[in-house]
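Ready for a few warm-up exercises on a protein chain? Have a look at the sequence and the model, try each task yourself, and then read through the solution.

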Amino acid sequence: MNFLFFLSTRRYPFLARVLIVTFLFITSEPAASQSVVVHPDAPVSELSRQEARALFTMSQRSWSDGSPVVVFVLPDSSPIHKEFCKKHLGMFAHQLRQTWDRKVFSGTGQAPELVSTIKEMRALISKTPGAIGYLPESEIDDSVRSITIREGAR
């Protein structure tokens, strides 16, 4: 501890911050692997990354059969949400938030439905026709259906 105290003195404050942030990053628990899930009757079994991005950025508001899409997401600070954004959409959570905010503030769109817990996400997707969201693989049951996200365009 004396070493960290030494680094936190006026002589090396930046180095102390770097070491502390590195320690916190290394010791933080990784987010659980998650999958994109839909309502059991949703007319889709797989999506390309571009299609998933269009749905979750609220650019595409209906499925291919014309039925409405209802998008559910966890809070921006959720490790599951952050991992979902990087893994399935190829973007950071703050970039996704900026896209929603731009649409809302310009009057050209709306933000997705925000849920506070994984259990709430699963319950709402299971009872909302046309719903899409994401869950840790360990939380997926028969009430929702997991779909595949392809890397290439359709």
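## Contacts and layout

This is a predicted model. In the chain, 69% of the contacts with a separation of 6 or more are between residues 24 or more positions apart.

**Exercise 1.** Work out how many helices and strands the chain has, and in which pattern they follow each other.

*Solution.* Start by counting: you should get six helices and six strands. Next, walk along the sequence and write down each element as you meet it, which gives α-α-β-β-α-β-α-α-β-α-β-β.

**Exercise 2.** Find the order of the strands in the sheet, and say which strands sit at the edges.

*Solution.* Step one: line up the neighbours. The six strands make an open sheet, ordered β2-β6-β1-β5-β3-β4, with mixed pairing. Step two: look for strands that pair on one side only; these are the edge strands β2 (46-48) and β4 (113-114). Step three: zoom in on one pairing. Strand β1 (residues 34-38) runs antiparallel to strand β6 (residues 145-150), and three bridges join them. In β6, Arg145 is the bridge partner of Val38. Step four: see what packs on the sheet. Helix α6 (residues 118-127) does, touching β1, β3 (70-73) and β5, and its direction makes about 145° with that of β5.

**Exercise 3.** Count the aromatic pairs, then classify the one formed by Phe56 and Tyr134.

*Solution.* The count is three aromatic pairs. For Phe56 and Tyr134, the ring centres are 6.3 Å apart and the planes make 50°, so this pair is tilted. Now place the two residues: Phe56 belongs to helix α3 (residues 49-56) and Tyr134 to strand β5 (residues 131-136), so the pair ties together parts 78 residues apart in sequence.

Buried or exposed: what is Phe56? Its relative accessibility is 0%, so Phe56 counts as buried. Tyr134 also has 0% relative accessibility, so Tyr134 counts as buried.

**Exercise 4.** Tyr134 has another ring partner, Phe84. Describe this pair and where its two residues lie.

*Solution.* First the geometry: Phe84 and Tyr134 are stacked, at 4.2 Å centre to centre with 15° between the planes. Then the location: Phe84 is in helix α4 (residues 79-89) and Tyr134 in strand β5, so the pair links distant parts of the chain, 50 residues apart. Check the burial as before: at 0% relative accessibility, Phe84 counts as buried. Finally, put the pieces together: ring pairs join Phe56, Phe84 and Tyr134 into a cluster.

Methods:
Residues are numbered from 1 along each chain as its sequence is written. This is a predicted model: local features need pLDDT of at least 70, side-chain atom pairs count only at pLDDT 80 or more; totals for chains, interfaces and linings use all residues. Side-chain values use heavy atoms; hydrogens and water are left out. Helices (H or I, at least four residues) and strands (E, at least two) are DSSP runs, numbered from the N terminus. Contact means heavy atoms within 4.5 Å. Rings of Phe, Tyr and Trp (its six-membered ring) pair if their centres lie within 6.5 Å; planes under 30 degrees apart count as stacked, over 60 as edge-to-face and the rest as tilted. Buried means under 20% relative accessible area, exposed over 50%, partly exposed in between (1.4 Å probe, protein chains only). Two strands pair if DSSP finds at least two bridges between them. Axes are lines fitted to C-alpha atoms, for helices over the stretch in contact, and angles run from 0 to 180 degrees between N-to-C directions.
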